[in-house]
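Reader: I would like to learn how to read this model. Please take me through it feature by feature.

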Amino acid sequence: MAAVFITGTGTDVGKTYVTAGLIRALRADGRAVEALKPVVSGFDPHAPDGSDPAVLLKASGIAWSPEALEHISPWRFAAPLSPPLAAQREGRTLDSAEVIALCRDRIALARDRLLLIEGAGGVMSPLDDNHTMLDWAGSLKIPTLLVAGSYLGTVSHMLTANLALRSCGVEVLAVVISEGADGPPLDETVQILRRFLDDVPVTAIRRGEGPPVEVLGSIAPLLD
Ligand SMILES: Nc1ncnc2c1ncn2[C@@H]1O[C@H](COP(=O)(O)OP(=O)(O)OP(=O)(O)O)[C@@H](O)[C@H]1O
Ligand SMILES: [Mg+2]
């Protein structure tokens with residue numbers, strides 16, 4: 001069917017929360033959807049609850065198993081660091097070409113479903129020693145959802161990330177603000193961003209809630 005890359009202004013901004021919410025909403029609507037979080041740092045195999053693969057598998061209605069974990073997150077690292085640094089701590093290397101090749105294979109296989117691929121960290125966080133998430137998104141040539149938190153500073157981070165994606169020819173379907181525990185009022189942040197981003201839908205997910213129709217609407221054209 002199609003694939004969407006989920007990226008963000010940084011780490012811990014809500015990429016997985018937004019992706020899991022989308023998966024639940026799409027499944028409830030009878031849509032076939034699959035998640036892929038190829039590279040995960042800070043992963044403890046003895047305490048996987050709450051990890052990105054665990055959250056995404058649960059939202060997908062897939063039981064936890066070693067095979068399911070390997071399928072959704074083939075590159076797992078223990079240190080809560082950027083992927084190349086976390087890999088280095090384990091005497092391993094991460095090759096962006098391998099990550100991109102795996103994504104291409106999965107996109108080709110996902111003919112009958114929407115594939116949601118979550119990156120790691122922010123738009124220009126390192127993927128390997130010479131490439132960032134931006135190279136990853138740009139190589140896949142699939143549209144993105146750009147996720148940010150609602151913290152002070154998010155407007156600058158969002159505008160910068162949007163500019164970076166577009167400068168590499170990456171289509172931004174929508175920006176999604178996932179409301180943080182504190183920070184400036186969400187509605188004001190949305191209004192400010194809408195003034196600066198008049199050609200990209202600016203949407204928001206309130207704390208503890210699922211994606212509103214505007215977020216789902218931004219990916220609706222991909223579902224046909
Ligand atoms: N709208 C929201 N409502 C409630 N909790 C949220 C919301 N957005 C994010 N969170 C919570 O904030 C924390 C960080 O979010 P999340 O794990 O989705 O970030 P991330 O961008 O995927 O991080 P990473 O870079 O590690 O992949 C999680 O505990 C998540 O449940
Ligand atoms: Mg995540």
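Author: Note that the model is predicted. Start at the ligand. Helix α1, residues 15-28, gives the most to the shell around ligand 1, with three residues.

Reader: Which residues come nearest to ligand 1?

Author: The shell holds 15 residues, and Thr11, Gly14, Lys15, Thr16 and Tyr17 come nearest.

Reader: How do the residues of that shell divide into nonpolar, polar and charged?

Author: Seven are polar, five are charged and three are nonpolar.

Reader: Now the sheet. What is the order of the strands?

Author: Read the order from one edge across to the other. Here six strands form an open sheet, in the order β2-β5-β1-β6-β7-β8, and the pairing is parallel. At the edges lie β2 (33-36) and β8 (202-205), each paired on one side only. From one strand to the next, the twist averages 25°.

Reader: Over how many bridges do β1 and β5 pair?

Author: Over five, in the parallel sense; β1 covers residues 2-8 and β5 covers residues 114-118. Take one bridge as a landmark: Ala2 has Leu114 in β5 as its partner.

Reader: Which strands does helix α7 touch?

Author: Look for the contacts, then the angle. Helix α7 (residues 154-167) packs on the sheet and touches β6 (144-149) and β7 (172-178). The direction of α7 makes about 160° with that of β6.

Reader: And where does helix α8 pack?

Author: On the sheet as well: α8 (residues 186-196) touches β7 and β8. Its direction makes about 165° with that of β8.

Technical notes: Residues numbered from 1 in each chain as written. Chains lettered and ligands numbered in written order. Predicted model: local features only at pLDDT ≥ 70, side-chain atom pairs only at ≥ 80, totals over all residues. Pairing = 2+ DSSP bridges. Helix = DSSP H or I, 4+ residues; strand = E, 2+ residues; numbered from the N terminus. Axes fitted to C-alpha atoms, helices over the stretch in contact; angles between N-to-C directions. Contact = placed C-beta atoms within 7 Å. Near = placed C-beta within 6 Å. Nonpolar A, V, L, I, M, F, W, Y, C, P; charged D, E, K, R; others polar.
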